[in-house]
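Me: Could you take a close look at one part of this model, the place where neighbouring domains meet, and then connect it with its surroundings? I would like the cut-offs stated as you go along.

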Amino acid sequence: MSKLVGTPVKRREDARLITGHGNFTDDVRLPGQAYAEILRSPHAHARILSIDTTAAQAMPGVVKVYTGQDLAGRVGTVPTAWIPPASDLKQVPHAVLAVETVRYVGDGVAMVVADDPYIARDALDRIVVEYQTLPAVTDQREAMAEGAPQLHADAPGNVALHWTVGNDTDEVFAQAEVVVRQEFRQQRLIPNPMEPRAATAQYLSATDELTVWLTTQNPHIHRLLLSGILGIPEHRLRVIAVDVGGGFGSKIACYPDEVLVAYAARDLNRPVKWTEDRREHFMATTHGRDHYEEVELAGSRDGVLQGIRVKSYANMGAYLSTAGPGVPTILFGLIVNGAYRMPVASSEVFGVFTNTTPTDAYRGAGRPEATYIIERMVDLFAQTIGQDPLEVRRRNLLRADEFPYTNPFGLAYDSGNYHAALDQALTMVDYPAFRQEQAALRAQGQYVGIGFSTYVEMCGLGPSQVAGAVGFQGGLWESATVRVHPSGKVQVFTGASPHGQGEETTFSQLVADQLGIPIDDVDIVHGDTARVAMGWGTYGSRTMVVGGAAISTAVDRVIEKARRIAAHMLEVSPEDVVFEDGVFHPEGVLDRQATFAEVTIQAYLAWNLPQGVEPSLEASAYYDPTNFTYPFGTHIAQVSVDADTGEVRVTKYVAVDDCGPVVNPMIVEGQVHGGIVQGIGQALYEGAVYDDDGQLVTGSFMDYTMPRARFFPQIETAHTVTPSPHNPIGVKGVGETGTIASTPAVVNAVMDALSGFGIQHLDMPLTPEKVWRAMQQVQDEQ
Amino acid sequence: MQLEGHKTIPSTPDRVYGLLTDPEVLVRTMPGLKRMTPTGDGRYDAEMEMGVAAIRGRYEGWMTIEDAVLGQSYRLRMEGQGPGGFVAVDMAVTLSPTDEGTDLRYVGQAKVGGTVAGVGQRMLSGVASFIMGQFFGAVAKEARQQP
């Protein structure tokens with residue numbers, strides 16, 4: 001039988017998704033369903049003097065209006081689920097509706113439930129809220145300054161956390177021949193999955209059970225958090241997320257909104273649905289990035305890197321989101337040395353409260369920021385010592401014989417072959433020819449540039465022991481149950497919660513190959529806490545790595561049991577039975593065999609099972625990895641900069657990634673393409689902007705530049721294959737590599753194009769206006 | 001958002017002042033202003049209909065005329081809440097006699113918040129100047145009609 005793993009099997013989920021048969025949260029329609037709308041603060045910082053809901057409540061069709069006062073004491077506050085150790089994290093209360101003070105534009109103030117969504121929406125306009133506005137602060141460094149507006153009484157100076165990590169760098173920096181210093185701004189980004197958030201809740205009084213359909217990347221984490229906030233025991237709570245239209249990290253968090261909907265459904269004993277609109281999404285769904293980083297890189301004059309020091313100021317927003325505190329600390333600070341050999345490194349991070357939308361994971365989550373600064377610093381270092389950035393990389397990238405390598409923060413990079421990926425990428429561009437052409441064009445007043453990003457990342461989150469050590473308030477293992485039905489059809493229950501990544505296909509490929517059965521005999525069940533006992537969800541490029549390994553382990557257990565039954569049927573001992581292409585037979589004897597289906601039916605009939613073997617054929621596995629996985633690669637971007645307009649065009653893009661063995665090359669290519677354009681979005685186009693009063697002025701697609709297909713050349717991809725040494729299927733995550741690698745590749749290329757102008761660095765996004773002004777300024781000065 | 005400009009009105013400063021502080025004239029001349037009800041002390045309850053980009057609706061709030069110096073200057077403050085958020089205006093108006101009548105100068109700040117601030121922010125100052133232009137144009141027309 002031909003193997004499916006490694007082949008571009010078409011996505012099984014797409015037929016239903018692209019023909020309108022998906023089952024998204026907003027598709028759920030329940031008898032008697034009511035609709036919720038949330039009134040959001042138009043002020044960034046204000047005291048609520050009064051809320052008059054009388055007129056709204058009196059509107060025909062309005063069922064009930066809730067305010068923060070109504071819920072105080074009935075609903076708990078929304079906690080953060082990541083408490084980095086020794087960070088003095090200020091766990092300030094986050095009420096589901098603001099009670100006395102609103103702290104960002106979008107903070108919930110009241111909720112209307114009505115018979116009809118339009119009535120609910122109109123009723124919002126009838127609620128009269130009297131505010132006393134307070135001074136607002138949106139910039140994290142300004143928020144830390146003396147005299148800045150204070151957001152929370154329990155967080156003096158607006159400092160939410162202060163975390164340091166690394167070894168002693170003083171001596172190395174004191175003695176270094178070269179120290180390069182640069183400050184970077186990682187602008188705030190607004191994740192925009194195709195499907196906004198939504199929640200539908202139903203309470204069944206007969207069984208006292210509450211069911212919440214939800215746009216979530218991690219239904220079991222949501223169940224755990226909702227249980228605590230609402231005071232409903234977990235066994236009476238069910239969270240369902242069948243189809244979720246993308247998340248990119250923005251659907252990890254537990255938001256006040258789903259708590260409100262769940263509460264109202266029980267309070268009213270009536271199903272309640274809430275669906276976010278896009279304008280609401282811009283202000284009320286978590287944002288990403290938003291750091292200032294002060295970076296120092298030490299090295300020798302001949303090009304050996306010796307150490308890095310990073311001081312970062314991360315904007316947490318007005319409250320701590322679910323994974324918010326872990327993103328700018330653990331997921332960033334531990335890997336700022338990148339793929340380079342460095343004896344010393346340190347990170348110091350301030351997390352700061354401001355009057356802005358809370359921040360949380362956004363594709364890559366911390367690792368794009370880390371990769372951006374080290375890849376930019378390597379280029380600046382090369383420039384300082386007058387070497388080619390490619391040569392500095394060759395010199396300092398870890399060599400294959402240096403693995404396992406423990407970085408200065410204690411991360412064990414267990415495997416890698418960075419030079420192989422770099423060499424492969426260099427076969428896809430003609431570097432010397434590009435440099436010649438660049439010089440020739442420059443003489444004609446045309447500017448082109450080339451940029452490298454030789455990255456490594458840590459992903460495939462767990463292990464759980466590490467989760468505990470870094471303050472993540474959950475486990476990071478994954479569950480799988482493989483249930484073989486009497487007819488030989490297989491259902492796989494996974495605790496991972498794919499929401500666009502295509503694991504219904506890739507997981508099926510694994511299982512079909514392992515069992516030697518057609519892929520159509522396998523179904524993947526996910527996203528329902530009543531069908532899957534426990535799991536930790538999909539984020540951190542962990543689903544194939546941890547979820548896939550759990551499934552593979554469970555399938556092995558099914559095969560072992562089936563082998564004992566087959567041996568009994570074939571009247572040989574289990575050790576002598578081979579399982580190949582779906583058939584059991586004694587080693588070397590092909591004419592006596594039992595197919596997988598024949599064994600399965602015997603397992604269920606149980607008329608004649610071997611001694612000590614129980615009926616049925618089903619196995620579970622709870623897989624906890626022993627390390628992260630460390631995908632790596634080389635991305636090379638070529639750009640041209642229009643000297644008259646400052647517009648940057650990406651003219652060629654090459655990505656060589658190593659995610660271990662590729663289960664489905666088409667799906668991996670899709671992940672890589674999507675990641676790359678998202679990363680280039682940060683480099684060139686995107687950026688959330690608040691005005692001085694804390695108003696989000698980029699609150700729609702008219703004002704916030706989403707990348708479009710026409711902005712990009714055909715992306716050229718290739719792979720090297722270095723299997724993870726600890727993962728049972730050898731895989732490493734690939735969901736975030738594109739976003740992690742592409743941002744610095746493109747910015748390095750633009751800076752290379754502008755090198756003739758003596759421009760060392762420009763902060764992102766590199767919009768035409770910014771680039772044009774920078775070139776203009778240099779020309780004016782000359 | 002900064003509001004600043006001037007307009008020549010063909011009438012004396014005293015008459016112009018009278019027009020600009022007459023609720024009936026304001027309801028006629030100010031685009032979108034539907035109602036002004038005096039509540040005393042130069043304060044009015046006001047209702048306006050406005051649309052910016054996709055955000056349209058009725059704003060309810062108040063308007064005051066403060067620091068009034070008859071025929072010379074006053075300070076106009078307005079605040080309204082509506083479906084897209086809020087609008088707040090704080091503007092100083094001065095009147096000075098010229099050969100063609102009165103030179104009306106205004107300078108101040110307008111703030112918008114909530115959804116309306118996040119949509120088409122870059123168009124807002126253009127929209128505001130346009131509305132101010134329409135308003136003072138209409139006042140000038142009133143002045144011509146009641147010489």
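**A domain interface and its surroundings**

Reply: Domain 2 and domain 3 of chain A bury about 1,300 Å² between them, with carbon and sulfur atoms giving 62% of that area; buried area here is the accessible area, taken with a 1.4 Å probe, that two parts lose on being put together, summed over both. On the side of domain 2 of chain A, the three residues that supply more than any other three are A:Leu461, A:Val663 and A:Ile729, which give 38% of what that domain buries against domain 3 of chain A. This is a predicted model, in which local features need pLDDT of at least 70 and side-chain atom pairs count only at pLDDT 80 or more, while totals for chains, interfaces and linings use all residues. Residues are numbered from 1 along each chain as its sequence is written, chains are lettered from A and ligands numbered from 1 in the order in which they are written, and side-chain values use heavy atoms, with hydrogens and water left out.

The domain bounds, which come from an automatic or database domain assignment, divide chain A into domain 1 (14–134 + 194–246 + 251–284), domain 2 (288–461 + 627–781) and domain 3 (477–623). Between domain 2 and domain 3 of chain A, the C-alpha centres are 40 Å apart. Contact (heavy atoms within 4.5 Å) brings 19 residues of domain 2 of chain A together with 18 residues of domain 3 of chain A. The count of salt bridges between domain 2 and domain 3 of chain A is zero, where a salt bridge is a side-chain nitrogen of Lys or Arg within 4 Å of a carboxyl oxygen of Asp or Glu. Eight residue pairs, both at pLDDT 80 or more, are nevertheless in polar contact across the interface of domain 2 and domain 3 of chain A; a polar contact is a pair of N or O atoms within 3.5 Å, and within protein one must be able to donate a hydrogen and the other to accept it, with residues adjacent in sequence counting only if both atoms are side-chain atoms. Sorted by class, the side of domain 2 of chain A that touches domain 3 of chain A holds eight nonpolar, eight polar and three charged residues, given that Ala, Val, Leu, Ile, Met, Phe, Trp, Tyr, Cys and Pro count as nonpolar, Asp, Glu, Lys and Arg as charged, and the others, Gly among them, as polar.

Some local features of chain A belong in the same account. A:Gly462 is joined to A:Pro463 by a cis peptide bond, with omega near 10°, and A:Pro463 sits in the loop between strand S18 (447–456) and helix H15 (464–469) of chain A; helices (H or I, at least four residues) and strands (E, at least two) are DSSP runs, numbered from the N terminus. A:Glu457 forms a salt bridge with A:Arg367 through their side chains (3.2 Å, N to O). Because A:Arg367 lies in helix H11 (residues 367–385) of chain A and A:Glu457 in the loop between S18 and H15 of chain A, this pair ties together parts that are 90 residues apart in sequence. Another cis peptide bond, with omega of about -5°, joins A:Phe403 and A:Pro404, and A:Pro404 is placed in the loop between helix H12 (389–396) and strand S16 (405–406) of chain A. A:Asp290, which is not a glycine, has a positive phi of about 70° and lies in strand S13 (residues 288–299) of chain A. Most residues other than glycine have a negative phi, and most peptide bonds are trans.

Chain A as a whole contains 21 helices and 28 strands. Its radius of gyration is 28 Å, close to the 28 Å that the globule rule gives for 782 residues, so chain A is as compact as a globular protein of that length; the radius is taken over C-alpha atoms, and the rule is 2.2 Å times the number of residues to the power 0.38.

The interface of chain A with chain B can be set beside the domain interface. Chain B and chain A bury about 1,300 Å² between them, 54% of it on carbon and sulfur atoms, and B:Gln81, B:Phe86 and B:Gly118 are the chain B residues that lose the most area to chain A, together 29% of what that side buries. The contact involves 18 residues from each of chain A and chain B. One salt bridge is counted between the two chains, and the side chains of A:Asp693 and B:Lys111 meet in a salt bridge at 3.5 Å, N to O.
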